Amino acid sequence: MAVLLPSVCLAVLFYFVIKAIFNADRAEREAMARAEELQDAEDARRRKSADEENGNPEIDAD
């Protein structure tokens, strides 16, 4: 048992370190996606506002 204990402890430590890395990566990807969505919405709002000021109503291609 004393022979296996250090390996088991390292394996458990490794598991938690990798889990923390993956959780941080997931949170960063979610934050980046939210930031991109907000930026896209802001860009669309500014484009629409600029088009209305110039008298060029945007034609929706959808």
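The following conversation goes through a predicted model and the reasons for the terms applied to it.

Colleague: What does the secondary structure of the chain come to?

Modeller: In this predicted model, the secondary structure amounts to one helix and zero strands, and helix 1 covers residues 5–53.

Colleague: How do you know that the end-to-end span of helix 1 agrees with its number of residues?

Modeller: Helix 1 has 49 residues, and at 1.5 Å a residue these should span 72 Å; the C-alpha atoms at its ends are 72 Å apart, so the two values agree. After helix 1 comes Gly55, whose phi is positive, near 75°.

Colleague: What share of the chain counts as buried, and what would a residue need in order to be called that?

Modeller: A residue is called buried when its relative accessible area is under 20%, and buried residues make up 0% of the 62 residues in this chain. The chain exposes about 6000 Å², of which carbon and sulfur atoms supply 62%.

Colleague: Why is Val3 called exposed?

Modeller: The relative accessible area of Val3 is 71%, and the term exposed applies over 50%, so Val3 counts as exposed. Val3 is placed in the segment before helix 1, and it belongs to a nonpolar surface patch together with Leu4, Val8, Val12, Tyr15 and Phe16, with about 640 Å² of accessible area between them.

Colleague: What makes Tyr15 and Phe16 an aromatic pair, and why is the pair called edge-to-face?

Modeller: Rings pair if their centres lie within 6.5 Å, and planes over 60 degrees apart count as edge-to-face. For Tyr15 and Phe16 the centres are 5.2 Å apart with 70° between the planes, and therefore both conditions are met. A search of the whole structure finds one aromatic pair.

Colleague: How many salt bridges does the structure hold, and what makes the contact of Arg29 with Asp25 one of them?

Modeller: There are three salt bridges in the structure. The closest N and O atoms of Arg29 and Asp25 are 2.9 Å apart, and the limit is 4 Å, so this contact qualifies. Arg29 and Asp25 are four residues apart in helix 1, which separates them by about one helical turn.

Colleague: Why is Arg29 called exposed and Asp25 partly exposed?

Modeller: Arg29 has 59% relative accessibility, and because this is over 50%, Arg29 counts as exposed. Asp25, at 31%, falls between the limits of 20% and 50%, so Asp25 counts as partly exposed.

Colleague: What joins Glu42, Arg45 and Arg46 into one network?

Modeller: Arg45 forms a salt bridge with Glu42, with the closest N and O atoms 2.5 Å apart, and these two residues lie three residues apart in helix 1. The side chains of Glu42 and Arg46 also meet in a salt bridge, at 3.0 Å from N to O, and these two are four residues apart in helix 1. Salt bridges that share partners thus join Glu42, Arg45 and Arg46 into one network.

Colleague: How do you know which of these three residues are partly exposed and which is exposed?

Modeller: Arg45 at 49% and Glu42 at 25% lie between 20% and 50%, so they count as partly exposed. Arg46 has a relative accessible area of 53%, which is over 50%, and therefore Arg46 is exposed.

Conventions. Residues numbered from 1 in each chain as written. Predicted model: local features only at pLDDT ≥ 70, side-chain atom pairs only at ≥ 80, totals over all residues. Heavy atoms only, no water. Patch = residues over 30% accessible without salt bridge, like charges linked within 9 Å, V, L, I, M, F, W, Y side chains within 5 Å. Areas by Shrake-Rupley, 256 points an atom, 1.4 Å probe, with all protein chains shown as cover. Buried < 20%, exposed > 50% of the residue type's maximum accessible area, 1.4 Å probe, protein only. Phe/Tyr/Trp six-rings, centres within 6.5 Å; stacked < 30°, edge-to-face > 60°. Expected span 1.5 Å × (residues − 1).
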